[in-house]
Structures are given as structure tokens and as C-alpha cells.
There are 2 protein chains.
Amino acid sequence: MSQPSAPRKTTGRPPRISREEVIEKARRIVTEEGVDRLTMRRLATEIGSTPMALYHHVRDKEELLVLLLDDHTARTLHRPELPDDPRERVVASAAAIHEVLAACPWIVEVLTADDLMSASALWFVEQMVDGLVECGLTPEQAVHGYRAIWYYTAGEITVRTAAARRRAGDDRATYRERVFADLDPGELPRLTQVADQWASLTAENTYLAGLRALVNGLLAPGTP
Amino acid sequence: MSQPSAPRKTTGRPPRISREEVIEKARRIVTEEGVDRLTMRRLATEIGSTPMALYHHVRDKEELLVLLLDDHTARTLHRPELPDDPRERVVASAAAIHEVLAACPWIVEVLTADDLMSASALWFVEQMVDGLVECGLTPEQAVHGYRAIWYYTAGEITVRTAAARRRAGDDRATYRERVFADLDPGELPRLTQVADQWASLTAENTYLAGLRALVNGLLAPGTP
DNA sequence: ACCTGAACACCGTTCAAGT
DNA sequence: ACCTGAACACCGTTCAAGT
């Protein structure tokens, strides 16, 4: 996405700040204080400039966030040794992307902005589609399979992030408890049965187990 | 969630506006103009009141959005005839929730705010957990299975909504095309192979197919 | 070409006062 | 108890001018 800094024209006023500096300072604000604190004004003062100077280096705030996601994935998404078994390759690729995104949950606001995330992740998408094809799916089925995996992964990050944010917040965390305390055992027997364990069960990280189930289901012959 | 209007005290100034009116007007703004246009100030003028009057009926804007979600599900999520087969019951329950949420995509911002959505949906959660148990899962496994389904469903809505928003926006839609035009066939052969079909493949609604795969995978004996 | 200052058109929420 | 007015502490972005 970020084009390799174009051959600089020698005419005109020399730039005081660079796109790289903008991204770097933005990254620091986001990691140290949270994405809510990243405003164009705050970023400008951090850089020692004015809000409008930023608009010469990024189109608008949304582009800045996309650049930030790109920066983060390029920085942390390294290609791992993938298993030979194609099914395991699919699982490992999805898990690698998940890990990188889970490590910077602020990205949720941006990742929802595009259906394939940053270009740095394309190699992993390739591995997933290829693994699914090697397991016997058609290329079309494999693309649909990849998308199902992406839905699942994006959803897990989104919901997990929201849950964490809620826990950080004041008392809205008690909403679930109130609901579960008022269950009608006659109408909702299963939920009543698991009510006590709900909190601990949903605190568990089950991303990988669910991912395996999904991949297995995608590869199994359909149950019509 | 919305407690059945408490027995009104007869002391004090009679209310000019009600919580119901606040929610109703908010719903109209959101459905007619989009969730971005719902601001406390705009809502107040719509009601013919002041911003601060709203704060006597809702705690803050976030609570208003949650109430709006509650209102929407109560209004549109009707209990359907569910299949007898437990596996199909799980699929049908998830699909029912998905349908209601997909019909009002603005809800995404709120649904990420809680891991179990509105109380009106509890009956469907019960059906899913119960169906999974009837298929042979333990109650604990069934809760985890429900959560996987919820991740998948929430992710599908989120990504689909983002894609639609992007399409509505100016030119950011071309980002994907640019990426796919620049693919290196040597490094990313599968993606190169499907590049032409990507747009049409991802435009297809594959929620149900992916859901079936996930449910099948959750119910199949694990592949260790 | 790059940056600045001032302004536009907004936000959510708090506080003190009125009825 | 309910509502109002004014204010606080912000936003992203545009426009016209400066170097």
C-alpha cells in the first residue's frame, strides 16, 4: 500500500515532516494511550506541527488508520514455518493472522473497513486458499472457505475486544449477570443449567478449537 | 432489558417526554438517515427538546444504542417454527438471528459491545445450546460451540456491512482491485488464479453454507 | 511544495438554575 | 422530578494566505 517514497522533486519548499514520521507518532499514541486518543489535533501537537500539515501526508483520518494497520502487520506478521499437511497449513495461517490482530485490538475499527486486510497478509490468504484446494476443494469453494475463516476470525477479535472494553468500563459488565440471574428455568433450561459457568466458559480462549471445527466442516463432505 | 415502566410517582413535575418517545424518534433517525446522523443534539431537536432532557431518560448515548438494539430485536425477531432435527434447529436459530441483524447493519457498532446480544435473543441461544447438547456435546462444549457460531455470525455482519459502506464511499473500493492487479503470480499463484472471480465470489451470500460447515465441524468427532 | 491561522460546523456531557 | 441555558472541552476538515 505505502508506495516506496517517490523520487523527490527538488522544487518547492522542503518538507518538515514525513509520512513515516506521521505514522510513527500515530503508532506511539495508539499503543501507549489507545486508539480513542488518536486525533488529528493531538497527533499534530505531538509532531510539533498543525493539524492541517498532516493532510499533506495522509488523505484523511481513515487513510491514516489503514496505514497504521499496514505498518503494524508489516512489523509483526512474519512468515512462519508452516506445516506440510495442507489442513494444518490452513489452520496455522489463520492462527498467525489472528495472533497479530489480537495483539493490537484497536485495529478492529479498521479491519472492518476492508474484507481483505493489509497487503502484508496476502501471503497468508494464499496459503489458506492453496491449502483448501490441496485438500480437495475447487478454487471457488476455497475462496468461500477462506471468507468463512475470515468472518470467524474477525468476529472473534471484535467480540473479544468489546468484552475487554466492557470489563474496563464501569458497571455495564453486570448486564450479563443481571440477565442470567433472571432466567426462567422453565423456558430456558439449558441456559439456566450453564448460567454459573457462563462467565468462566466465555473467558476461555477457544479461537483455535472453533477454527479447527470450521476448517474440518469446510473440508468434510456436506451433510445434506 | 427495558424494565416495564415503573409505577409512576405522583410527586414532581410531570414528564414532557418519555423513554419510549426517545427510542422511537431515535429509531426513525437511524433507519431513515443512518446511525452516523444519530446525535444527542439532533435527537433533541427532533423531539422538540434540549439535549440535556434526554439524559433524564437514558444514561448516555451508549445506553441509547443498546436500547435501540433491544427495541429492534423485540420488534423483528419472532420465534419461528424450528425444525425437529437438533442440528437443523441450531442452524435455523443462528440464521434467524443473522437475518435480523443483517437487516439493520447499523447495529454492528452496538453488537460488538456485548457478547450476548439483546435479551430478546436469549430464546435462540437456548435453542442453539440445546440443539448442540442433543447432538451429543456436553453443556460446556455446547456453550463454546454457540460462541463459535456467534463469532462467525458477528464477523459476517461486520465484514459485510463494512464492504457495503466502502462501496457507498468514493473510491476506496478500488483498493482491492489495485492489490489484485499487482499480484505476483510466482509468489501468489492461487490468488492470481482466482483474481478475476474474487469480486463476484465475495459478493455471494455464503453465510448459510459457512454456518453449516461450522456446525458440522462442531458436531463431528475431532480430527486430532 | 509545504505549512500556518483562523474558521466552519459540529460533537457528548456537566453544572447551576428554573418550574 | 423534570427540563433549560450556557458552558466545557473537544472533534475532522476546508479555505485563504504565507514562505
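1. UniProt positions are given here in the numbering used for this structure, and its annotations may be inferred rather than shown by experiment. With that in mind: an unreviewed UniProt entry lists residues 39–58 of chain A as "DNA-binding region". The model itself is predicted. Over residues 39–58, chain A is 60% helix and 0% strand. The end C-alpha atoms of this stretch are 13 Å apart.

2. Chain A as a whole. The chain has 11 helices and 0 strands. From the N terminus on, its elements run α-α-α-α-α-α-α-α-α-α-α. Of its 224 residues, 50% count as buried. Take the contacts in chain A between residues at least 6 apart in sequence: 68% of them join residues at least 24 apart.

3. DNA strand C, surroundings. There are 22 residues around this strand. Those that come nearest are A:Arg16, B:Arg13, B:Arg41, B:Met52 and B:Tyr55. Both protein chains are therefore represented in what follows, so keep the chain letters in view when reading the names. By class, the surface near strand C divides into 7 nonpolar, 7 polar and 8 charged residues. Of the strand C atoms within 4 Å of the protein, 47% belong to sugar or phosphate, and the rest belong to bases.4. DNA strand C, phosphate contacts. Which side chains put an N or O atom by a phosphate oxygen of strand C? On chain A, the side chain of A:Thr50 does so at 3.2 Å. The side chain of A:His57 does so at 3.5 Å. On chain B, a polar side-chain atom of B:Lys61 lies 3.1 Å from a phosphate oxygen of this strand. The elements that give two or more residues to the surface near strand C are helix 3 (51–54) of chain A and helix 2 (40–47) of chain B.

5. DNA strand D, surroundings. This strand is surrounded by 22 residues. The closest are A:Arg13, A:Arg41, A:Met52, A:Tyr55 and B:Arg16. Sugar and phosphate make up 47% of the strand D atoms that come within 4 Å of the protein. The surface near strand D has 7 nonpolar, 7 polar and 8 charged residues.

6. DNA strand D, phosphate contacts. An N or O atom in the side chain of A:Thr39 is 3.2 Å from a phosphate oxygen of strand D. For the side chain of B:Ser49, the distance is 2.8 Å. A polar side-chain atom of B:His57 lies 3.5 Å from a phosphate oxygen of this strand. Helix 2 (40–47) of chain A and helix 3 (51–54) of chain B are the elements that give two or more residues to the surface near strand D.

7. Helix 5 of chain B. This helix covers residues 86–103, 18 residues in total. From first C-alpha to last, it reaches 26 Å, close to the 26 Å expected at 1.5 Å a residue. Its buried residues include B:Arg89, B:Ser93 and B:His98. Also buried in this helix are B:Pro86, B:Val90, B:Val91, B:Ala94, B:Ala96, B:Ile97, B:Val100 and B:Leu101.

8. B:Thr153. Is this residue, in helix 8 (residues 139–168) of chain B, buried or exposed? B:Thr153 counts as buried because its relative accessibility is 2%, and the cut-off for buried is under 20%. A polar atom of its side chain lies 2.8 Å from the backbone oxygen of B:Ile149. Leaving aside residues up to four places away in sequence, B:Thr153 touches B:His98 and B:Tyr207. B:His98 is one of the buried residues of helix 5.

How values were computed:
Residues are numbered from 1 along each chain as its sequence is written. Chains are lettered from A and ligands numbered from 1 in the order in which they are written. This is a predicted model: local features need pLDDT of at least 70, side-chain atom pairs count only at pLDDT 80 or more; totals for chains, interfaces and linings use all residues. Side-chain values use heavy atoms; hydrogens and water are left out. Helices (H or I, at least four residues) and strands (E, at least two) are DSSP runs, numbered from the N terminus. The expected span of a helix is 1.5 Å times one less than its number of residues. Buried means under 20% relative accessible area, exposed over 50%, partly exposed in between (1.4 Å probe, protein chains only). A residue is near a molecule or strand if one of its heavy atoms lies within 4 Å of it. A polar contact is a pair of N or O atoms within 3.5 Å; within protein, one must be able to donate a hydrogen and the other to accept it, and residues adjacent in sequence count only if both atoms are side-chain atoms. Ala, Val, Leu, Ile, Met, Phe, Trp, Tyr, Cys and Pro count as nonpolar, Asp, Glu, Lys and Arg as charged, and the others, Gly among them, as polar. Contact means heavy atoms within 4.5 Å.
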